[in-house]
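Please take a moment with the sequence and the model shown here before reading on. The report below is written for someone meeting this structure without earlier acquaintance.

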Amino acid sequence: MQQDRLAFNLSIILFTIILSVSGNWILAAGLTPGLHADVEYCRAAGESLRLDAYVPAGEGPHPVAILVHGGGWIGGDKQDMNLFYDSLSQAGFTWFSINYRLAPAHRWPACLDDVRTAIRWVKDHAPDYQGDPERIALLGYSAGGHLACMAAIQEPVQAVVGCAPPIDHLSDSIRRGGLSECMQQLLNRPTAIDKQNRELLQSISPINQISSNLPPFLLVHGAADQSVSYSQSTRLREKLLKHNVPCQLITIEGAPHRITEWVKYDPDYQQQIITWLVKTLGNKTATAQITVSPDGSGDFTTVRAAIDSIPSNNACRTVIHIKPGTYQEIIIVPRMKRYITFQGQNAETTILTNHLYASMKDDQGKELGTFRTPTVTIEADDFSAEKITFENTLLDKLK
């Protein structure tokens with residue numbers, strides 16, 4: 001009888017732990033489907049920064065969207081992005097709509113810092129909301145589009161959607177004849193475009209910080225936008241493509257800046273965004289297979305060639321099966337190629353090797369230095385390897 005009572009009590013305790021935390025009913029796999037409002041993601045400068053989160057029905061992990069509202073950096077609220085709630089929910093996305101600190105109470109870069117913090121918080125907590133921390137998209141409108149573009153440069157995500165984003169503040173300020181009122185409040189600077197303002201405007205403009213490591217971009221812009229020139233998006237697309245970053249531009253003919261009016265000009269624009277997001281974020285469960293063999297019986301004879309064959313900003317895992325052999329290569333897994341696995345058959349017979357050392361000279365006669373001597377360099381997230389030996393044989397050569 002005592003054993004039965006003890007087992008019963010333990011069951012009740014376990015049941016309570018699994019199903020009740022801080023007054024919210026949850027499932028063992030995460031929060032229950034539906035909206036979870038006003039969740040605090042951090043405290044900054046005495047403010048509680050909050051987000052609204054949605055958990056879709058069905059087994060996860062689901063792709064994730066982080067929504068960043070507009071308002072000229074001085075206004076707006078997470079609820080302003082509610083026009084995307086239904087379409088994202090119906091498409092099976094876990095989404096988070098965030099607040100961030102506003103000017104003039106909080107000057108630049110407080111708003112950007114908050115968006116970056118929110119991204120890191122979502123990566124840590126996405127599984128609690130049935131979301132996939134490895135498939136995150138930023139979706140921002142106007143000032144929120146600017147913040148989404150800037151944040152993606154500094155915090156790795158898998159996709160960016162910018163709706164009428166101002167991405168070149170110097171050219172925009174020149175067009176206006178000086179800093180706008182919003183920009184003055186954000187930067188705490190006068191209207192005239194002096195040398196200091198010019199340098200500051202350039203430093204906060206995403207178009208000046210584009211690199212080939214960025215994720216795919218989707219830009220959506222009204223052709224009749226008088227607040228943020230349509231050319232801002234066309235120029236950003238051109239710059240991204242020059243750096244081999246995939247970028248698509250949806251032009252809404254006749255549409256002004258106000259996003260709530262876009263549906264009148266293109267009722268299908270939101271579905272186009274969803275379609276692009278689903279295609280870009282891909283299916284995490286899908287896995288590509290590549291075989292490397294030194295005798296030519298595989299897809300490639302070198303590991304480096306196998307890595308080169310994987311597209312940048314890949315959305316699914318690629319397993320590179322490396323057959324036994326000694327591969328003398330300099331191997332780099334670049335930042336924009338995530339989800340790669342090196343799979344050997346036996347660590348004793350599958351060896352990635354080289355003998356670089358710091359004082360070795362390159363083709364120009366300059367010493368390599370320590371940081372140019374690794375046999376294998378892993379820059380990307382979500383990399384794994386097993387049954388493989390990584391080695392540098394310099395000491396063997398010196399014996």
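The following paragraphs treat a helix, a set of paired strands and one serine in turn.

The model is a predicted one, and the description begins with helix 4, which covers residues 143-154. Because a helix is expected to advance 1.5 Å a residue, the 12 residues of helix 4 should span 16 Å, and the 17 Å between its end C-alpha atoms agrees with that expectation. Helix 4 is also mostly covered, since 11 of its 12 residues are buried. Among the buried residues of helix 4 are Ala 143, Gly 144, Gly 145, His 146 and Leu 147, and Cys 149, Met 150 and Ile 153 are likewise included.

Further along the chain, strands become the subject. Strands of a sheet pair through backbone hydrogen bonds, in either a parallel or an antiparallel sense. One open sheet is formed by 3 strands in the order 14-17-20, with parallel pairing. Its edges are strand 14 (325-328) and strand 20 (389-392), each of which pairs on one side only. On average, neighbouring strands of this sheet are turned by 25° against each other, direction ignored. Where strand 14 meets strand 17, Thr 326 stands opposite Ile 351.

Strand 16, residues 340-344, has 5 of its 5 residues buried, and it is therefore largely enclosed by the rest of the structure. In a regular strand the side chains alternate between the two faces of the sheet. In strand 16, Ile 340, Phe 342 and Gly 344 point one way, while Thr 341 and Gln 343 point the other way, and all of them are buried. Strand 16 pairs with strand 13, where Ile 322 has Gly 344 as its bridge partner, and with strand 19, where Glu 386 stands opposite Gln 343.

The table gathers three of the strand pairings.

| Strands paired | Sense | Bridges |
|---|---|---|
| Strand 14 and strand 17 (residues 350-354) | parallel | 4 bridges |
| Strand 13 (residues 317-322) and strand 16 | parallel | 5 bridges |
| Strand 16 and strand 19 (residues 384-386) | parallel | 3 bridges |

The last subject is a single residue, Ser 173, which is found in helix 5 (residues 169-176). Is Ser 173 buried or exposed? Its relative accessibility is 3%, and because buried means under 20%, Ser 173 counts as buried. The side chain of Ser 173 reaches the backbone oxygen of His 169 at 2.8 Å. Leaving aside residues up to four places away in sequence, Ser 173 touches Gly 178, Leu 179, Ile 193 and Leu 201.

Methods:
Residues numbered from 1 in each chain as written. Predicted model: local features only at pLDDT ≥ 70, side-chain atom pairs only at ≥ 80, totals over all residues. Heavy atoms only, no water. Helix = DSSP H or I, 4+ residues; strand = E, 2+ residues; numbered from the N terminus. Expected span 1.5 Å × (residues − 1). Buried < 20%, exposed > 50% of the residue type's maximum accessible area, 1.4 Å probe, protein only. Pairing = 2+ DSSP bridges. Axes fitted to C-alpha atoms, helices over the stretch in contact; angles between N-to-C directions. Polar contact = N/O pair within 3.5 Å; in protein donor to acceptor, adjacent residues only side chain to side chain. Contact = heavy atoms within 4.5 Å.
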